[in-house]
Amino acid sequence: MFPAQLTYHRAGSVAEAVQLLSDNEGAKLLAGGHSLLPLMKLRLAAPAVLVDIGRIEALKGISASDGGITIGALTTHAEIASSDLVQQNAPVLAEAAALVGDPAVRNRGTIGGSVSHADPASDQPTVLTALGATFNVTGPGGDRSIAAADFATGLLENALNDNEVLTSISVPSVPSGAGSAYVKFSHPASRYAVVGAAAILSVSGGACSSASVAVGGVETKPARASSVEAALAGSDLGDAALDAAAAAVGGDLSGDPMGDVFASAEYRRAMAAVYVRRALGAAASRAG
Amino acid sequence: MTTRIFGSGIRRREDPRLITGRASYTDDIKLPGMLHAAILRSPYAHANIRSVDASGAAGQPGVVAVYTGEDTDGVLNGLPCAWLIPGSDLKTPAHPPVAKDKVRYVGDAVAVVVAESRYQAEDALEHIAVDYEPLDVVINPKAAAQDGAPQIHEDVPNNIAFTWALAGGDTDAAFADAAVTVGDTITLQRLIANPMEPRSALAQWSAATGELTLWNTSQNPHIARFLTCVVTGVPEHKIRVIAPEVGGGFGSKIPYYADEAITAFCSMKLGVPVKWTETRSENYLITTQGRDHIEEVEMAATSDGVITGLRTTVYAGLGGYLSTASPGVPTILHGLMYSGPYNIPNISGTVYGVFNNGCPVDAYRGAGRPEATTLIERLVDLVAAAVGQDPAEVRRKNLIPKFENGHDVATGITYDSGDYESALDSCLSAAGYEALRAEQAQARADGRCVGIGVSSYVEICGLGPSQVAGAVGFQGGLWESAIIRFYPTGKVNVMVGSSPHGQGEETTFAQIVAGEVGVDVDDVEVLHGDTDNTPMGWGTYGSRTTAVSGAAIAVAARKIKEKSRALAAHLLEAAPEDIEYEDGRFFVRGSPDQHKTIQDIALMANVAWNMPEGMEPGLEASAFYDPPNFTYPFGAHVAVVEVDPETGHIDLQRYVAVDDCGVQINPMIVEGQVHGGVVQGVGPALWEGAVYDDDGQLVTGSMLDYALPRADLLPEIEVHSNSTPSPHHPLGVKGIGEAGTIASTPTVYNAVMDALRPLGVTRVDMPLTPEKVWRAINDARNGG
């Protein structure tokens, strides 16, 4: 496990990181290293330049913001899993963070690195899609925001330009009284999600007043399950309603699911319905 | 009470240095002037080599030398196979350490770069140009044996390296007369051994003395020395092999590999030390894998479930070349165990050893016995289902009754001692079997998919009588030796030829010496792993180290005791027959105050001021122990699973093990071995499997895809034991290293199939991954 030769830079600030990215074509950002370094050790990735942003304090931590919370890109999964602010505003994000990898991965891996890597089997992109989060980005021309659902553009591809840095993620608070859940079919080896389903359900007067559902692991990027959400709207969230809604997830998949030796495309598709159903059941039981 | 140390679960003395990271492994050793080797490996599973152009690598930064098959050809000999099964028409095609004309699996060595750092060597590999002509590939061992399959070695038709047949009784008549016959095809997939420490070799050639020192991750340094001699031509007495700390092997560090030969070659060419350590990716590609069986099996029985016959045809994949011991694993260690713990009067089997375009296959924990036990236990369950009886009861009625000194079975071997029914009873009782069946009935009524698996097993270990080893074609002996040396201060060194690498025998061997001659266990240091300071021995594998090496220690310790008794008699001015021994003290019968401690004796023997007439100075003894028979540990295991029919997930909820390994020297270490063994057998039942695609590429090439068992996927393993001493062993011990692995694969498999039976599922290949189970359930529901 011997990475190819490279030049290493440590950026002291976001501005310096942006400058280093602009000056070095093909440079890659290094945060927690838990996605990039394994690829480099296998020589599946061989960036000539690494820009380490791991010590930029401005990118760390979780804070309350208008209508929700803001999570610095360098915040680790372990910090998210144990954060009171996350627990109060978006408990489903903490639930998912606790299921990422293993303790070593959670202690080193960062939410920004995870979402930027754009592995469709990661947990957080699915949850952030369901939460309707916004990704805050800094580049040479200034700052911009990208909706979570638009951030991953394909398998291991994201919407960042080569010289942009993801700085933070804005997560809106879930509605008061909403129930949420993330359930995961964990790969026994990698612990990535073969299928991951996130659901946030609100109830008003015995009927579903809002539903947000996303499913990951099945296709090359997380899918917002709008057919499922539509089927839930106004329903009583009883077993029959949840069964019918979960079955609708097929309509939210593009028809081009991923498959591998462990789980075929057909199986993943079938499991998407099962895991969405389980997420809906758990979220409904927590709503009210 | 020092003697009580034998049989007590004291902590492993090895652990503090291991768990604090202070142990020194091969890759930790750094010698002055040491260079680093990286090996270019074939990306093709089967290809002719048209040309190798290494010139581009030679000028790269830090590169000292580049060698190809042209350089090693005629200098290094081929890698030998050391288990030549007689009467099997065995073919032993050439296995050059560096491929020159043809590659036969992904990972086959093609060239080596030696550089000042490993990084530089790895970078330079990318500048070697190899022109390959890809050839058709075959992975499935049965497909490889068919007419028209890609021909891997020119002189091995149909890729069949050997055909080994076994016959006892009249199997055809048994099947012709049988009221009930059942059959199945069982796949035991390829497994990757995954020792925590990858393999490594550090070679240091001294041109001045003509001596070669090889630090090597070996389970058997004395065999490694012998084979280094065979491959490099350096005389055996000029080779020193050192296996320092070795971080697990599970069989994969028995073989002699191309890599150590290449490393030695580089050091001999350059006159400086050269180190090579495999990456985890290389370990997955090139370090021998286990199993790879396709087993077509049948069992005959009476309508009451009494087994009358067993018939098998087995295709055993060997990979691209024969590994050191590979022909012996699916034959001697497999077929001879077809009777299991049962009376099966008629047994016949044919095993085809078949080359295929995968990594070479060799011994992996259990080596042949898990493959045998799985087919037997699967068939017993099918018989139980066919006759409508409880699987535990069908086992009970077929078990060989208790015997204490020898029982012959139809495969031609003689078990040493056994009490199989007691083991089964203990296990059923510990599991609460009747209650489990009642709970299962209730669960099924509630629509839940609960299964209970039972298996009984017996295994062969303590390998073994050297005369038998020779008769079955093993190119070596299977005895062990030990030297026990007392120093004037009463401290003791024990030197053994076996080479423990995680099994805790530095502790258990000290316990043997403490138990025999009454020294404090902490006064005994066990030396192993260095051919220069240990006596000859054949190594640590096959659950043989405590059984054979431990016996040598016991015999040597008894020699120490007798010499001590004679010296004590002399010093106490008594007749030797009047000297009694207790707890490290020799005293005149009836006068315990008149005594000499073992430490007194050690001092007096070493200074030799007052020795009896004709007695040599010193207190040292050696023993060469060649066992009169193998040992046959046994037991019974029960597993409980629940299957989620919606997803195919399997939840292993309980695991109960009763093992009988004879006398236990350290019950805590026994329990640890059972834990590890059980987990290593559950893995292939549920998760593990090395998968090659049709092009011979390893799809499960890293721990991201190859699913090793994890603690959170397993229940508490409930470990119990019985003790039926081996009648022929000086200490009554049998061996425990592999028992768990041998029993647990079929136990868990049977539990899952028991859970799925009401759904109409009749077979699913291992590993029982969720999708396979889900498909089997859906197929059964759809009438498939």
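In chain B of this predicted model, the buried residues of helix H17(B) pack against strand S21 (480-486), helix H15 (505-517), helix H16 (545-571), strand S25 (585-588), strand S26 (591-597) and strand S27 (619-625). Both helices and strands of chain B thus appear among the packing partners of H17(B). The helix covers residues 598-607. Its buried residues are Ile598(B), Ile601(B), Ala602(B), Met604(B) and Ala605(B). Ala608(B) follows H17(B). The phi of Ala608(B) is positive, near 60°.

Chain A was examined as a whole. Its secondary structure consists of twelve helices and 14 strands. The C-alpha trace spans about 60 × 45 × 35 Å along the principal axes. A compact globule of 288 residues would have a radius of gyration near 19 Å. Chain A has 19 Å, so the value agrees with that of a compact globule.

Burial and contacts were then computed for chain A. Of its 288 residues, 53% are buried. Contacts between residues at least 6 apart in sequence were also considered. Of these, 62% join residues at least 24 apart.

The surface and the charges complete the description of chain A. Its accessible surface comes to about 11,300 Å². Carbon and sulfur atoms account for 50% of that area. Chain A carries 18 positive and 26 negative charges. The mean positions of the two sets lie 7 Å apart.

Notes:
Residues are numbered from 1 along each chain as its sequence is written. Chains are lettered from A and ligands numbered from 1 in the order in which they are written. This is a predicted model: local features need pLDDT of at least 70, side-chain atom pairs count only at pLDDT 80 or more; totals for chains, interfaces and linings use all residues. Side-chain values use heavy atoms; hydrogens and water are left out. Helices (H or I, at least four residues) and strands (E, at least two) are DSSP runs, numbered from the N terminus. The radius of gyration is taken over C-alpha atoms; the globule rule is 2.2 Å times the number of residues to the power 0.38. Buried means under 20% relative accessible area, exposed over 50%, partly exposed in between (1.4 Å probe, protein chains only). Contact means heavy atoms within 4.5 Å. Accessible areas come from the Shrake-Rupley method with a 1.4 Å probe; for residues, only the protein chains shown count as cover. Lys and Arg count as positive and Asp and Glu as negative; His and the chain ends are not counted. The place of a charge is taken as NZ of Lys, CZ of Arg, CG of Asp or CD of Glu.
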